[in-house]
Amino acid sequence: MKVLSLCDGIGGAAEALRRMNIRADYYQSEIDNELSLFTTTEFKGFHKVKDLGAVGPECEKVMEPDLMTFGAPCQSFSIAGGLDEFNDPRGQLLIDCIKIMRKVKPRYFLIENVASMRPNCRDYISELVGVEPHKIDSAWYSPQRRKRLYWTNILYQPPTPVYQDRSGLGSVVMSQVDPKYRVEEKYRSSYESLYAGQNWRDLPESNPFRIKIEQQIAAYLAKGNKNAGGRTGFFKLFDLREKAPTLTATGMRQSMTR
């Protein structure tokens, strides 16, 4: 297959294809050099990966791919990100990707973004690409609850409850973890006082770590940020037997499982 993946991230599309044993000439566009290097290295020997750099003119040269996929940054469309939508450069990037899609004319396309976007944005995107989105919760297929919208011209039938995935977070947690991700000893007693599903807000108001987190959030909002978003999920205790909430890059060092 010939695949064009914009805003490629850590190569999720490349991994999905590998799991289906589908090899590809894989053209990735990713602004983060570390992520693009990871994809190039991780899939060497399976896919033929070519790095195109940031979304731009190089992507327009990959004409008529069998599949084009992208999940442009969701912050501008999410409640946590302030809902600046297309006024935010990250939101405009989604439109840029659609323009490239129109130019290269893929046989199939798959577009992903946050399910909490406002209806006017959802409808505008649907008008541009010519299909209505599917609303899919990642919990149907994985140990994480994460609702997203997917626009695609690939025939898709949502699973019935009988066939939904039942795995818990424990099925993907590594048994050996780099020490830098371990909980600092001075906070361990606070964790031990929590039950699975609780977080820092369940600690006593006098708890030093609760005070520290409240100060961090206050400082974040004082900088003009409209919503603390995932930062309120600091210091949460996850149950390995259950589905995890949406996992974010922020605050995960102060999270643990039981």
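In the predicted model, Phe-70 touches Leu-6, Leu-94, Cys-97, Ile-98, Met-101, Leu-110, Ile-111 and Glu-112, when residues up to four places away in sequence are left uncounted, a contact being defined by heavy atoms within 4.5 Å. Phe-70 is also one of the residues that touch the most other members of the largest nonpolar core, together with Leu-4, Leu-6, Met-68 and Trp-151, in a core of 26 residues. Such a core is a set of buried Ala, Val, Leu, Ile, Met, Phe, Trp, Tyr and Cys residues joined through side-chain atoms within 4.5 Å, where buried means under 20% relative accessible area, exposed over 50%, and partly exposed in between (1.4 Å probe, protein chains only). Two or more residues are given to this core by each of β1 (2-6), β4 (67-70), α3 (89-104), β5 (108-114), α4 (119-129) and β7 (147-152), and α3 gives the most, with 7 residues. Helices (H or I, at least four residues) and strands (E, at least two) are DSSP runs, numbered from the N terminus. Apart from this core lies another, of 9 residues, including Tyr-191, Leu-194, Trp-200 and Leu-203.

Residues are numbered from 1 along each chain as its sequence is written. Because the model is predicted, local features need pLDDT of at least 70 and side-chain atom pairs count only at pLDDT 80 or more, whereas totals for chains, interfaces and linings use all residues, and side-chain values use heavy atoms, with hydrogens and water left out.

In the whole structure, 10 salt bridges are found, each being a side-chain nitrogen of Lys or Arg within 4 Å of a carboxyl oxygen of Asp or Glu. One of them joins the side chains of Lys-243 and Asp-165 at 2.9 Å, N to O, and this pair links distant parts of the chain, with Lys-243 in the loop between β8 and β9 and Asp-165 in the loop between β7 and α5, 78 residues apart. Asp-165 is partly exposed, since its relative accessible area is 27%. The side chains of Asp-239 and Arg-241 also meet in a salt bridge, at 2.9 Å, N to O; Asp-239 counts as buried because its relative accessibility is 15%, whereas Arg-241, with a relative accessible area of 67%, is exposed. Glu-15, Arg-18, Arg-19 and Glu-42 are joined into one network by salt bridges that share partners.

Over the protein, which contains 6 helices and 9 strands, 38% of the 258 residues count as buried.
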